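This report describes the fold and selected residues of the chain shown below. The account proceeds from the strands outward to individual positions.

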Amino acid sequence: MIRLILVDDHPVVRHGLRGMLEAEPDLTVVGEAASGPDGVALAAELRPDIVLMDLRMPGGDGVEATARILATVPGVRVLVLTTYESDRDILRAIEAGAGGYLLKDASPGELAAAVRAAARGETVLAPSVASTLVRQVRGPAPPALSAREAQVLGLVAQGLTNADIGRALFITEATVKTHLLRAFAKLEVTDRTAAVTRAMGLGLI
């Protein structure tokens, strides 16, 4: 039997969650709390397997409560269950140690499956939350320089002047300047030195 406590400041939400979860033969709700601090105290007292934690509550938010529960109650897993999916909320909760992040539009079956997965030690994320985390980890894609722009910047890095580059590539000096200006715009810089530095830092040359 997987033992849970519910931490949410809305009684109607807690009542609905209790009904959904206790309809499952292997899940039981052993306690409820209406605030973060009360959730911390209840988790310390009851030592549940899973805490379902709302994020925004009076008297201390769910992220702070998550961190405190994980620091004081061995073996417990905290699943965030909220209506909020902003990048900041998601990252704060995961950084605090939450074992999952679910949204309240999850179906009863999805919620029960998530609880069981969390109890097995798995990380559980709503699809939109997983996408947000992947985007955050990957960061913005580097600018794409054309082959010629990269070639021109590479020669700039070697100390060649625009005239030298033009002769080396059999193009006019004006064309060299055009390639450089396009590279500057893509790299969001305004001079040759900054362009070379940024391009090298991004592995483009």
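Which residue of strand 2 is the bridge partner of R3? In this predicted model, that partner is T28.

## Sheet topology

The bridge between R3 and T28 belongs to the pairing of strand 1 (residues 2-7) with strand 2, which run parallel and are joined by six bridges. These strands form part of an open sheet of six strands, paired in parallel and ordered 2-1-3-4-5-6. Strand 2 (27-33) and strand 6 (124-125) occupy the edges; each has a single partner strand, so one side of each lacks a neighbour in the sheet.

From strand 1 the sheet continues to strand 3 through four bridges in the parallel sense, with V7 opposite M53 of strand 3. Strand 3 in turn pairs with strand 4 in the parallel sense, again over four bridges; here V51 has V78 of strand 4 as its bridge partner. Four bridges likewise join strand 4 to strand 5, and the two run parallel. L81 stands opposite L102 in strand 5. Strand 5 and strand 6 are paired in the parallel sense over two bridges, and Y101 stands opposite L125 of strand 6.

## Crossovers and helix packing

Two crossovers may be set side by side. The path from strand 5 to strand 6 passes through helix 5 (residues 108-119), and this β-α-β crossover is left-handed. By contrast, strand 3, helix 3 and strand 4 make up a right-handed β-α-β unit.

Helix 1 (residues 11-22) lies across strand 1, strand 2, strand 3 and strand 4 (77-82), and its direction is at about 165 degrees to strand 2. Helix 3 also packs on the sheet, where it touches strand 3 and strand 4 and makes an angle of about 165 degrees with the direction of strand 3.

## Buried strand residues

In a regular strand, side chains alternate between the two faces of the sheet. In strand 3, I50 and L52 point one way while V51 and M53 point the other, and all are buried. Strand 5 (residues 100-103) is covered on both faces: G100 and L102 on one side, and Y101 and L103 on the other, are all buried.

## The annotated position D54

Where does D54 lie relative to strand 3 and helix 3? It is found in the loop between strand 3 (50-53) and helix 3 (62-72). An unreviewed UniProt entry lists D54 under "modified residue: 4-aspartylphosphate".

Is D54 buried or exposed? Its relative accessibility is 4%, and it therefore counts as buried, the cut-off being under 20%. Apart from its neighbours within four places in sequence, D54 is in contact with V7, D8, D9, G62, L81, T82 and K104. Of these contacts, V7 was described above as standing opposite M53, and L81 as standing opposite L102.

## Domains and N162

The domain assignment of the protein chain gives domain 1 (2-138) and domain 2 (147-202). The C-alpha centres of domain 1 and domain 2 are 52 Å apart.

One residue numbered within the second range is N162, located in helix 8 (residues 162-169). With a relative accessibility of 14%, N162 counts as buried. Leaving aside neighbours within four places in sequence, the contacts of N162 are E173, V176, K177, L180 and R192.

How values were computed
Residues numbered from 1 in each chain as written. Predicted model: local features only at pLDDT ≥ 70, side-chain atom pairs only at ≥ 80, totals over all residues. Heavy atoms only, no water. UniProt positions renumbered as here; feature names shortened; annotations may be inferred. Buried < 20%, exposed > 50% of the residue type's maximum accessible area, 1.4 Å probe, protein only. Contact = heavy atoms within 4.5 Å. Pairing = 2+ DSSP bridges. Axes fitted to C-alpha atoms, helices over the stretch in contact; angles between N-to-C directions. Domains from an automatic or database assignment. Right-handed = clockwise from strand over helix to strand, strands pointing away.
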